[in-house]
Amino acid sequence: MTRPPTHASSLLDRYLRQAEAAIRAREGVEERDADLEAILEVLAMTVALEVMGELVRVPPATRESLRRVGARALLQIGTLLSDDDEDRAEAVRLIGPYARDGIRALAGKEAPAPRRDDAIVLDAELVGLSRGQFDGFRLAEIAWRVRESSAAKRALGMLRRVEPERGDASGEPRLRLAADGGAPMRDPSSGRRIAELTVADHAIELHRFDDGAIAAYAASAVMLRLGGEHVTSRVSRAGYAEASLGESATRVELDVAGTTTTLEIS
């Protein structure tokens, strides 16, 4: 049922391309199963776009066309079921709720109130959601969890406010990690990146600066702290930590929400 990830300049760009193609196919004379799957995926992607706050940027005519052909597609979802393929049948049953939620969003109705506020969303999932790097159904599933996590919503907001840096050797944009309020944060581009790691499911970058400072950055609003022998902590808050390195410092301890990792420095 799912397609390989499509790398696009943004989720909105990808959404508009797939929406136009799906609408043309569904409004044609012959409606094939592949066309039905395509419109269902776009409906699911609508939920992700809504959570990102970008659904309002979709032209009203496109939203109405999607709502119209999407409602008809939902009536035909049973045609995708297969008696001899249990995995496919289960996939069809799972994508229906995402597609119906997309119809709700296209109609301008409010999203349902969160049933909880502690859903887990990994940093990599937030990045993939922002960049539209998963198939539409996976994007919708992540968006549902974002709606049920205040921390994830704050982290996504921070991520959206920070422009990605370009110019890496890979040619791909690199996430520039940010902090949530408080004291001024050092610009990571003025330092030297010395480490990229994942601690307690949070992606962290460490940068060292010419004046002897070291800073840690996280995309999510997780508490960070830098310390250790001959290391003086200066700033410790959600998403950002800063410390000064003494002349004898050879290691630094990074605390991420209570999980401590020791790193060698040079």
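I looked up which residues of helix α6 are buried (under 20% relative accessible area with a 1.4 Å probe, protein chains only), and I noted Gly136, Phe137, Leu139, Ala140, Ile142, Ala143, Arg145, Val146 and Arg147. That makes nine of the 12 residues, and α6 is mostly covered.

Before going on, I noted that this is a predicted model, in which local features need pLDDT of at least 70 and side-chain atom pairs count only at pLDDT 80 or more, while totals for chains, interfaces and linings use all residues. Residues are numbered from 1 along each chain as its sequence is written, and side-chain values use heavy atoms, with hydrogens and water left out.

I then followed α6 (a DSSP run of H or I, at least four residues) over residues 136–147, where it reaches 16 Å from first C-alpha to last, close to the 16 Å expected at 1.5 Å a residue; the expected span is 1.5 Å times one less than the number of residues. At the start of α6, I found a side-chain oxygen of Asp135 within 2.9 Å of the backbone nitrogen of Phe137.

Turning to the strands (DSSP runs of E, at least two residues), I traced an open antiparallel sheet in the order β4-β7-β8, where strands pair if DSSP finds at least two bridges between them. The edge strands, β4 (224–227) and β8 (259–264), each pair on one side only. Between β7 (residues 251–256) and β8 I noted six bridges, with Glu264 of β8 as the bridge partner of Arg251.

Lastly, I checked β5 (residues 231–237) and β6 (residues 240–245), which are antiparallel over six bridges; Ser236 stands opposite Ala241 of β6. Their hairpin has two residues between the strands, and Gly239 takes a positive phi near 85 degrees there.

Technical notes:
Buried < 20%, exposed > 50% of the residue type's maximum accessible area, 1.4 Å probe, protein only. Polar contact = N/O pair within 3.5 Å; in protein donor to acceptor, adjacent residues only side chain to side chain.
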